[in-house]
Amino acid sequence: MRPRGIDHVVIRTRDLEAMVAFYCEVIGCTVERRRDDIGLIQLRAGDALIDLVPVAGVLGAKGGAAPGPEGRNMDHLCLRIADFQIKAVRAHLKSHGVKLGDEGLRYGSTGEAVSIYISDPDGNDLELRG
């Protein structure tokens with residue numbers, strides 16, 4: 001087997017609409033598919049999908065308590081960003097009121113690259129890298 005990249009990440013959420021707005025308006029994802037009958041919105045992030053499921057929905061309820069200070073649904077999600085220019089990325093995030101986290105040179109699937117950490121509306125850590 002040879003993994004080629006992230007297929008999808010599933011994030012359980014307390015506020016589905018806030019998460020859709022964040023990942024689409026701030027990060028630049030698009031809604032690819034919506035299954036309200038089971039509580040699932042799938043967002044396109046390049047070659048991968050980010051699945052959002054509300055904790056009160058059919059799928060989300062299977063995961064137990066909602067995300068919060070006492071527990072998380074994942075450590076972090078790292079997204080490769082096309083044409084990543086750190087100054088422009090910082091300015092874009094600030095314009096959306098996103099608090100900036102640690103920034104630095106880190107090793108990832110494409111080698112060394114600059115990345116920055118932020119959090120989504122549910123407090124999930126998100127790493128953005130070039």
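Leaving aside its neighbours within four places in sequence, which residues is Leu126 in contact with? I shall return to that residue after an overview of the chain.

Colleagues, what we have here is a predicted model. The protein chain contains two helices and eight strands, and along the sequence these follow the pattern β-α-β-β-β-β-α-β-β-β. Its radius of gyration is 15 Å, close to the 14 Å that the globule rule gives for 130 residues, so the chain is as compact as a globular protein of that length. Of the 130 residues, 40% are buried.

Let us turn to the sheet. Four strands form an open sheet with mixed pairing, in the order E1-E4-E3-E2. Strand E1 (8-13) and strand E2 (30-35) each have a single partner strand and stand at the edges, so one side of each is left without a neighbour in the sheet. From one strand to the next, the twist averages 25°. E2 runs antiparallel to strand E3 (residues 40-45), and five bridges join the two. Within this pairing, Arg35 has Leu40 in E3 as its bridge partner.

Next, the interior. The largest nonpolar core has 27 residues, and Tyr23, Ile27, Ile50, Leu126 and Leu128 are those with the most contacts inside it. Among the elements that give two or more residues to this core are E1, E3, helix H2 (86-95) and strand E8 (125-129). Helix H1 (16-26) gives the most, with six residues.

This brings us back to the opening question. Beyond those sequence neighbours, Leu126 is in contact with Phe22, Tyr23, Ile27, His76, Leu77, Leu79, Ile116, Tyr117 and Ile118.

How values were computed: Residues are numbered from 1 along each chain as its sequence is written. This is a predicted model: local features need pLDDT of at least 70, side-chain atom pairs count only at pLDDT 80 or more; totals for chains, interfaces and linings use all residues. Side-chain values use heavy atoms; hydrogens and water are left out. Two strands pair if DSSP finds at least two bridges between them. Axes are lines fitted to C-alpha atoms, for helices over the stretch in contact, and angles run from 0 to 180 degrees between N-to-C directions. A nonpolar core is a set of buried Ala, Val, Leu, Ile, Met, Phe, Trp, Tyr and Cys residues joined through side-chain atoms within 4.5 Å. Buried means under 20% relative accessible area, exposed over 50%, partly exposed in between (1.4 Å probe, protein chains only). Contact means heavy atoms within 4.5 Å. The radius of gyration is taken over C-alpha atoms; the globule rule is 2.2 Å times the number of residues to the power 0.38.
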